[in-house]
Amino acid sequence: MAGNPSIIELAHWLQTPAGRYMLAWEQAQLDAAVVDLFGFHALQLGLPELDGLRSNRMPHRWLALQQAQPLPDDLVQDPARTVALHCDFDALPFDTNSLDLVVLPHALELACDPHQTLREVDRVLRPEGRVVILGLNPTSLWALRQRLGRLRGRLPGRKGEQGLFLPSSGEFIGYWRLRDWLRLLSFEVEGAHFGCYRPPGLSERWMQRHAWMEGAGERWWPVLGAVYFLVAVKRVRGMRLVGLLPQARKVAKTAAVAMHNNKEIS
């Protein structure tokens with residue numbers, strides 16, 4: 001079965017210095033975000049180069065890849081990175097309200113229908129479950145470099161996508177646009193931040209030379225990082241907590257009764 005070209009292209013790009021730099025930042029954010037999220041069932045959709053659930057302690061944790069996506073060669077021998085299932089992300093094989101955590105590392109950007117993928121995540125998450133989303137920021141130096149590369153590729157004598165910095169496939173989904181999508185599905189954003197402020201470069205030396213921009217970017221232009229990281233919780237309004245009713249009845253029975261003229265009213 002042939003692999004998805006966009007996924008294969010991203011996997012190759014992640015081996016570059018910029019790709020490794022982005023993965024390191026994203027792995028650190030995931031490790032910190034999911035370590036204290038509790039429940040029973042957690043799922044990561046795509047991007048096996050990231051182990052988004054390694055610091056989480058839920059007893060059931062799965063990695064799902066798309067139907068045509070192979071596991072990278074360097075991860076095949078790692079028993080901790082076993083692929084639990086191959087499936088379409090817009091039709092997840094899980095019951096409604098059955099998962100406590102879903103991690104989406106760039107899955108929406110590569111999805112054929114990102115709205116449907118997000119709706120499926122909403123369906124399988126239980127109330128108060130969390131979704132963690134990673135995405136490339138369209139208002140960043142990396143995105144600007146990508147747009148300039150596309151413009152140069154359209155000039156006479158240029159070959160299309162050879163001058164691109166990022167993979168050619170996939171759609172940038174802006175942070176505020178994603179927040180609107182989540183709000184329509186009754187998700188509430190708990191936390192979000194941006195990272196990877198170093199300018200786009202293709203060499204390790206370039207990335208190291210501009211390491212100082214990490215601190216400067218976080219302080220002076222925080223929303224212009226190349227990548228954003230977002231955690232949202234599924235809110236279901238109007239729910240009745242039936243488990244509290246027996247206790248409420250018990251409290252009502254033992255409450256003091258009203259008195260009038262020092263006599264109990266029956």
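Q: Where 7 bridges join β5 to β7, do the two strands run parallel or antiparallel?
A: A note before we start: this is a predicted model, in which local features need pLDDT of at least 70, side-chain atom pairs count only at pLDDT 80 or more, and totals for chains, interfaces and linings use all residues. Residues are numbered from 1 along each chain as its sequence is written, and side-chain values use heavy atoms, leaving out hydrogens and water. Strands (E, at least two residues) and helices (H or I, at least four) are DSSP runs numbered from the N terminus, and two strands pair if DSSP finds at least two bridges between them. In β7 the bridge partner of V132 is V231, and the direction of β5 relative to β7 is antiparallel.

Q: Which strands stand at the edges of the open sheet?
A: Let's walk across the sheet: its 7 strands follow the order β3-β2-β1-β4-β5-β7-β6, with mixed pairing. An edge strand here has a single partner strand, so one of its sides is left without a neighbour in the sheet. That applies to β3 (85-86) and β6 (187-195).

Q: How many of the 7 residues of β4 are buried?
A: Strand β4 has parallel partners: 3 bridges join it to β1 (residues 41-45), and 6 bridges pair it with β5. V103 shows both sides nicely, as it stands opposite Q44 and also opposite V132 in β5. Buried means under 20% relative accessible area, with exposed over 50% and partly exposed in between (1.4 Å probe, protein chains only). Strand β4 is largely enclosed by the rest of the structure, because the number of its residues that are buried is 7 of the 7.

Q: What relative accessibility does V131 have?
A: V131 lies in strand β5. Leaving out residues up to four places away in sequence, V131 touches V102, L104, V121, L125, F187, L230, V231 and A232, where contact means heavy atoms within 4.5 Å. One of these is F187, 56 residues apart from V131 along the chain, with their C-alpha atoms separated by 8.9 Å. V131 counts as buried because its relative accessibility is 0%.

Q: Which element gives the most residues to the largest nonpolar core?
A: A nonpolar core is a set of buried Ala, Val, Leu, Ile, Met, Phe, Trp, Tyr and Cys residues joined through side-chain atoms within 4.5 Å. The largest has 31 residues, and W13, M22, L101, V132 and W142 have the most contacts inside it. At least two residues each come from α1 (5-13), α2 (17-34), β4 (99-105), β5 (125-136) and β7 (227-234). The top contributor, with 7 residues, is α2.

Q: Is E26 buried or exposed?
A: E26 is found in helix α2. Not counting residues up to four places away in sequence, E26 touches L47, L50, H106, L134 and V227. With a relative accessibility of 0%, E26 counts as buried.

Q: Which residue meets D100 in a salt bridge?
A: A salt bridge is a side-chain nitrogen of Lys or Arg within 4 Å of a carboxyl oxygen of Asp or Glu, and the structure holds 11 of them. D100, in strand β4, has a partner in strand β5, 26 residues apart. D100 is buried at 8% relative accessibility, whereas its partner is partly exposed at 27%. The N to O distance is 2.3 Å, and the partner is R126.

Q: How many residues apart in sequence are the parts that E188 and R235 tie together?
A: The closest N and O atoms of the E188–R235 salt bridge are 3.2 Å apart, and both residues belong to a network of salt bridges with E128. E188 is partly exposed at 35%, and R235 is partly exposed at 24%. E188 lies in strand β6 and R235 in the loop between β7 and α9 (245-254), so the separation of these parts in sequence is 47 residues.

Q: About how many Å² does the nonpolar surface patch made by L141, L144, L148 and L151 have?
A: Patches are made of residues with over 30% relative accessible area and no salt bridge, like charges being joined within 9 Å and nonpolar side chains (Val, Leu, Ile, Met, Phe, Trp, Tyr) within 5 Å. Areas come from the Shrake-Rupley method with a 1.4 Å probe; for residues, only the protein chains shown count as cover. L141 lies in helix α5 (residues 141-153) and is partly exposed at 40%. The patch has an area of about 340 Å².
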